[in-house]
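Visitor: I would like a close look at a single part of this model, please, and then a walk outwards from there.

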Amino acid sequence: DGDTALATDVSVVLATDSNPVTSVDIPELDSVAETEVETDTDTQEGGKHLLSLIEHALVEMSDLRVKGACKLYTKTFKEMLQDFGISRGRALVFLDKKRSDSTSIRELIDASDAEVTSKALSKCTAKELGHFLAYLILSVDTVEE
């Protein structure tokens with residue numbers, strides 16, 4: 001689909017402040033429909049790749065403050081969540097907004113119950129969606145082990 005297709009190269013995403021982010025390559029999204037049988041190793045490698053993309057996105061939004069990154073990654077993270085079968089509902093987010101600026105993908109997993117709350121997916125920021133997506137991937141990996 002041309003409207004939701006993601007771009008071709010991650011190196012394009014490694015932009016400076018003067019070059020706004022315009023595209024992200026997530027091969028797992030394109031290849032999910034083509035792949036019929038995956039081994040545990042393939043799934044783990046795909047999860048690691050997705051986690052590295054999420055971590056890169058969090059760095060761009062929080063530390064580098066790349067122009068247009070939050071808008072792009074909000075759309076990208078929502079598409080990734082739809083691939084997990086999640087299009088509506090509530091996400092686990094931090095109570096403290098400053099904690100959402102963290103670039104650690106393990107931040108939400110390591111948080112105590114008192115530090116998190118739930119929020120409607122439609123109201124989540126790009127950073128909150130990124131942390132929630134990483135939480136889902138990491139919690140699935142933990143359950144499988």
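Visitor: Which backbone nitrogen lies 3.2 Å from a polar atom of the side chain of serine 104?

Guide: Happy to take you there. A word on the ground rules to begin with: this is a predicted model, in which local features need pLDDT of at least 70 and side-chain atom pairs count only at pLDDT 80 or more, while totals for chains, interfaces and linings use all residues. Residues are numbered from 1 along each chain as its sequence is written, and side-chain values use heavy atoms, with hydrogens and water left out.

The nitrogen you are after belongs to arginine 106: its backbone N is 3.2 Å from a polar atom of the serine 104 side chain. This is a polar contact (a pair of N or O atoms within 3.5 Å; within protein, one must be able to donate a hydrogen and the other to accept it, and residues adjacent in sequence count only if both atoms are side-chain atoms). Serine 104 sits in the loop that runs between strand 1 (90–94) and helix 5 (107–110). Helices (H or I, at least four residues) and strands (E, at least two) are DSSP runs, numbered from the N terminus. With a relative accessible area of 28%, serine 104 is partly exposed; buried means under 20%, exposed over 50%, and partly exposed in between (1.4 Å probe, protein chains only). Its C-alpha atom is 9.9 Å from that of histidine 56, a residue 48 positions away along the chain.

Another serine worth a visit is serine 62, in helix 3 (residues 40–64). Serine 62 is buried, because its relative accessibility is 11%. Its side chain reaches the backbone oxygen of aspartate 101 at 3.0 Å. Leaving aside residues up to four places away in sequence, serine 62 touches Asp101, Thr103 and Lys127, where contact means heavy atoms within 4.5 Å.

In the loop between helix 3 and helix 4 you will find arginine 65. Its phi is near 50 degrees, a positive value in a residue other than glycine. Most residues other than glycine have a negative phi. Arginine 65 counts as exposed, at 60% relative accessibility.

Now for the aromatic pairs, of which there are 2. Rings of Phe, Tyr and Trp (its six-membered ring) pair if their centres lie within 6.5 Å; planes under 30 degrees apart count as stacked, over 60 as edge-to-face and the rest as tilted. Tyrosine 73 and phenylalanine 77 are stacked, because their ring centres are 5.8 Å apart and their planes meet at 25 degrees. Both residues lie in helix 4 (residues 69–83), 4 residues apart, about one turn of the helix. Tyrosine 73 is buried at 2% relative accessibility, and phenylalanine 77 is buried with a relative accessible area of 2%. Phenylalanine 132 and tyrosine 135 are stacked too, with centres 6.4 Å apart and planes at 20 degrees. These two are 3 residues apart in helix 6 (residues 126–144), about one helical turn. Here phenylalanine 132 is buried at 7%, whereas tyrosine 135 is partly exposed at 25%.

Stepping back, the protein chain has 6 helices and 2 strands, in the order α-α-α-α-β-α-β-α along the sequence. Buried residues make up 38% of its 145 residues. Of the contacts with a separation of 6 or more, 71% join residues 24 or more positions apart.
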